[in-house]
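This briefing goes through one chain from its overall make-up down to single elements and their packing. Please keep the sequence and the structure in view while reading.

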Amino acid sequence: MTPTGGHDEGAVAPRPSLRIAAVDDHPALLAGLQLELARLDDGVVFVATAPTVPDLLAQLAGTPLPDVVLLDLRLGDGSSPAGNVGALVDGGSRVLVYTEGRQHEEALAALQAGAQGVLLKDRPVATVAEALRAVADGETVSSAETAAALQVDEDLTSHLSPQERRVLELYAGGMPARSVALRLGVTLETAKSYLKRIRAKYAALDRPAYTRMELYRRAVEDGVLAPLPAPGATVSPGKHPRGADD
């Protein structure tokens with residue numbers, strides 16, 4: 001109120017409360033995100049977190065589902081992104097995909113099932129907060145990740161031959177070059193030439209990968225490998241990088 005009893009036209013109206021939940025099997029990451037969102041926007045209220053969609057639905061049984069659910073694409077139960085999105089949307093929630101790698105095919109399936117955008121977990125928390133508000137308002141998040149998912153046929157892995165993709169999967173997952181050659185039935189020099197071509201293609205896209213660790217990061221970003229699980233997490237078959245003894 002102004003001294004004369006009128007309303008202060010310069011006052012900013014508080015933003016409406018937004019109930020959100022997250023489905024992700026990395027609890028430490030979720031705890032940090034929850035704290036940062038609370039500092040940034042006190043209208044954003046976490047009502048639940050869970051490692052799987054069935055767990056979330058069980059936690060919230062008998063209560064309205066959140067306005068928006070942050071959903072990781074790859075969960076420890078091996079569930080499909082499209083199935084998870086469908087279950088949440090059918091329950092009345094909107095869905096924002098929140099994931100680590102550039103998993104374009106899974107992201108596209110999630111969008112087709114009703115998710116309203118894709119964000120990588122390395123995005124600033126302020127970006128996440130605005131994206132949550134946009135999704136709650138019925139908008140589709142206009143992020144680079146959303147655009148990439150909608151143009152999935154143009155991602156990097158479409159420029160890799162099947163053999164190059166296999167070499168990337170094995171080598172970036174921890175297998176020595178000599179073991180990669182033996183696994184694929186080629187000479188060591190041939191395996192090394194595949195690695196050179198893979199690195200050249202990443203460099204041409206301004207995404208250099210000079211070391212094995214950088215190749216691993218690129219493989220995760222492009223959905224060739226799943227991210228390493230959180231310590232103590234249960235790993236389903238086929239959900240982890242290959243080791244040198246595989």
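The secondary structure of this chain, taken from a predicted model, comes to ten helices and five strands. Of its 246 residues, 43% count as buried, and among the contacts between residues at least 6 apart in sequence, 67% join residues at least 24 apart. The chain exposes about 12,500 Å², of which carbon and sulfur atoms supply 54%.

**Strand E3 and its partners**

- Strand E3 (68–71) sends Val-68 and Leu-70 one way and Val-69 and Leu-71 the other way, and all of these residues are buried.
- E1 pairs with E3 in the parallel sense over four bridges, and within this pairing Val-68 of E3 is the bridge partner of Ile-20.
- E3 and E4 also run parallel and are joined by four bridges, with Leu-71 standing opposite Val-97 in E4.
- Together with helix H3 (residues 81–90), E3 and E4 make a β-α-β unit, and this unit is right-handed.

**Nonpolar cores**

- The largest nonpolar core has 22 residues, and those with the most contacts inside it are Val-23, Leu-56, Leu-71, Leu-88 and Ala-115.
- Two or more residues of this core are given by each of E1, E2, helix H2 (53–59), E3, H3, E4 and helix H4 (104–113), and the largest share, three residues, comes from H4.
- Apart from this core lies another, of 21 residues, which includes Leu-160, Val-167, Leu-168 and Met-175.
- Leu-71, leaving aside its neighbours within four places in sequence, is in contact with Val-23, Val-53, Pro-81, Asn-84, Val-85, Leu-88, Val-95, Leu-96, Val-97 and Tyr-98.

**Helix H5**

- Helix H5 (residues 125–136) has twelve residues and should therefore span 16 Å at 1.5 Å a residue, a value with which the 17 Å between its end C-alpha atoms agrees.
- Buried in H5 are Val-128, Ala-129, Ala-131, Leu-132, Arg-133, Ala-134 and Val-135, a list in which the residue Arg-133 appears beside Ala, Val and Leu residues.
- The buried residues of H5 pack against strand E1 (18–23), helix H1 (27–40), strand E2 (44–50), strand E3 (68–71), strand E4 (94–99) and strand E5 (118–120).
- H5 is followed by Gly-138, a residue whose phi is positive, near 90 degrees.

Methods:
Residues numbered from 1 in each chain as written. Predicted model: local features only at pLDDT ≥ 70, side-chain atom pairs only at ≥ 80, totals over all residues. Heavy atoms only, no water. Buried < 20%, exposed > 50% of the residue type's maximum accessible area, 1.4 Å probe, protein only. Contact = heavy atoms within 4.5 Å. Areas by Shrake-Rupley, 256 points an atom, 1.4 Å probe, with all protein chains shown as cover. Expected span 1.5 Å × (residues − 1). Pairing = 2+ DSSP bridges. Right-handed = clockwise from strand over helix to strand, strands pointing away. Core = buried A, V, L, I, M, F, W, Y, C linked by side-chain atoms within 4.5 Å.
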